[in-house]
Amino acid sequence: MSAALQRALGAAGPGPTPTPTPALVLGPAGSGRSALLFRAALGGPRALFLAPRALQRLPGARRGESGPRGLQRIQFLYPPSLRELLRLLASLPQSLPGPPALLLLDGLEQYLAGCRGPPAAARLSALLVDTASYFTGRLGADPQGSAPCCQLVASMQVSGETEAEDHLCVLQRYFPAQCWLCPDPAAALGQEDCGGDRMFRARLSQPGAADQEWKLGFGLDGEMRVSLVPWGCTEDPGAADTDRTAGAGK
């Protein structure tokens with residue numbers, strides 16, 4: 001269960017929290033994937049944020065949330081290529097001063113661009129899962145640790161290209177939880193007053209829990225505004241993509 005994403009979206013299910021599973025944030029360009037990952041990093045314990053290049057600005061944060069106190073819990077590293085990312089992941093157990101409780105990878109599609117076939121996606125996914133598992137063991141052995149495990153969340157742009165779909169079929173085996181982002185259909189049809197915000201829907205599907213859905217609004221100031229969609233009023237933003245990739249993986 002991706003507690004990190006639920007925390008970032010401002011809602012958590014009732015009852016005990018199951019053991020977190022790796023989560024994949026999926027959506028088209030400009031749908032707020034980086035903002036969601038960054039907000040997850042701000043709202044929780046110590047985080048390691050990996051991306052192919054430095055963020056031009058700090059997206060998705062609430063006002064006052066991205067101050068020095070919030071940022072000091074996040075370590076940013078920017079391996080520029082798949083080769084450098086694999087090398088970095090292999091060295092993290094020896095190079096980090098302490099284990100993070102949240103491992104975030106933004107821009108997964110950029111690392112896999114140009115890779116032929118699914119083996120590269122499988123290798124990277126396995127190494128990410130193994131790295132998070134290693135940090136989980138370190139956190140469990142740390143008497144001062146407040147987090148029981150290291151949660152893994154990655155983001156990937158989906159555009160319907162065949163190569164991306166081949167990678168996605170592999171990635172879904174390693175990332176059981178998926179959060180699909182897409183433009184809000186009600187806003188697109190002019191049925192809601194968005195106040196100038198860019199509106200999206202986020203649907204989180206994870207094993208052992210009911211799906212949850214949120215509305216995301218991005219203002220001109222870059223702040224992400226979130227509201228939970230009531231049960232019974234949800235639509236599936238990734239239904240077409242989910243059905244297509246599920247069929248391809250059979």
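The exercises below work through strand packing, the nonpolar cores, an aromatic pair and the salt bridges of this structure.

The structure is a predicted model, in which local features need pLDDT of at least 70 and side-chain atom pairs count only at pLDDT 80 or more, whereas totals for chains, interfaces and linings use all residues. Residues are numbered from 1 along each chain as its sequence is written, and side-chain values use heavy atoms, with hydrogens and water left out.

**Exercise 1. Determine which strands pair with strand 2, and whether its two faces are covered or not.**

Helices (H or I, at least four residues) and strands (E, at least two) are DSSP runs, numbered from the N terminus, and two strands pair if DSSP finds at least two bridges between them. Strand 2 pairs with strand 3 (residues 74-77) in the parallel sense over four bridges, and four bridges also join strand 2 to strand 4, again running parallel. Leu48 illustrates both pairings, as this residue stands opposite Gln75 in strand 3 and has Leu103 as its bridge partner in strand 4. For the faces, recall that in a regular strand the side chains alternate between the two faces of the sheet. In strand 2, Ala47 and Phe49 lie on one side and Leu48 and Leu50 on the other, and all four are buried (under 20% relative accessible area, with exposed over 50% and partly exposed in between; 1.4 Å probe, protein chains only).

**Exercise 2. Identify the residues that touch the most other members of the largest nonpolar core, and the elements that build this core.**

A nonpolar core is a set of buried Ala, Val, Leu, Ile, Met, Phe, Trp, Tyr and Cys residues joined through side-chain atoms within 4.5 Å. The largest such core has 34 residues, of which Leu24, Leu108 and Leu124 touch the most other members. The elements that give two or more residues to this core include strand 1 (23-27), strand 2 (47-50), helix 6 (119-141) and helix 7 (162-174). A second, separate core of 30 residues includes Ala47, Cys179, Leu181 and Leu204. Not counting residues up to four places away in sequence, Leu24 has contacts (heavy atoms within 4.5 Å) with residues including Leu108, Met156, Leu168 and Cys179.

**Exercise 3. Classify the ring pair Phe76 and Tyr78 and place it in its wider aromatic setting.**

Rings of Phe, Tyr and Trp (its six-membered ring) pair if their centres lie within 6.5 Å, and planes under 30 degrees apart count as stacked, over 60 as edge-to-face and the rest as tilted. A search of the whole structure finds four aromatic pairs. The centres of the Phe76 and Tyr78 rings are 6.4 Å apart and their planes stand at 15°, so this pair is stacked. Phe76, at 24% relative accessibility, is partly exposed, as is Tyr78 at 33%. Together with Phe38 and Phe49, these two residues form one aromatic cluster.

**Exercise 4. Describe the salt bridges of Asp184 and Glu213, and the network to which they belong.**

A salt bridge is a side-chain nitrogen of Lys or Arg within 4 Å of a carboxyl oxygen of Asp or Glu, and by this rule the count comes to five. Asp184 forms one with Arg201, the closest N and O atoms being 3.1 Å apart, and both residues are buried. Glu213 forms another with Arg203, at 3.0 Å between the closest N and O atoms. This second pair links Glu213 in strand 8 (residues 212-218) to Arg203 in strand 7, 10 residues apart, and both partners are buried. These four residues and Asp211 are linked in a network of salt bridges.
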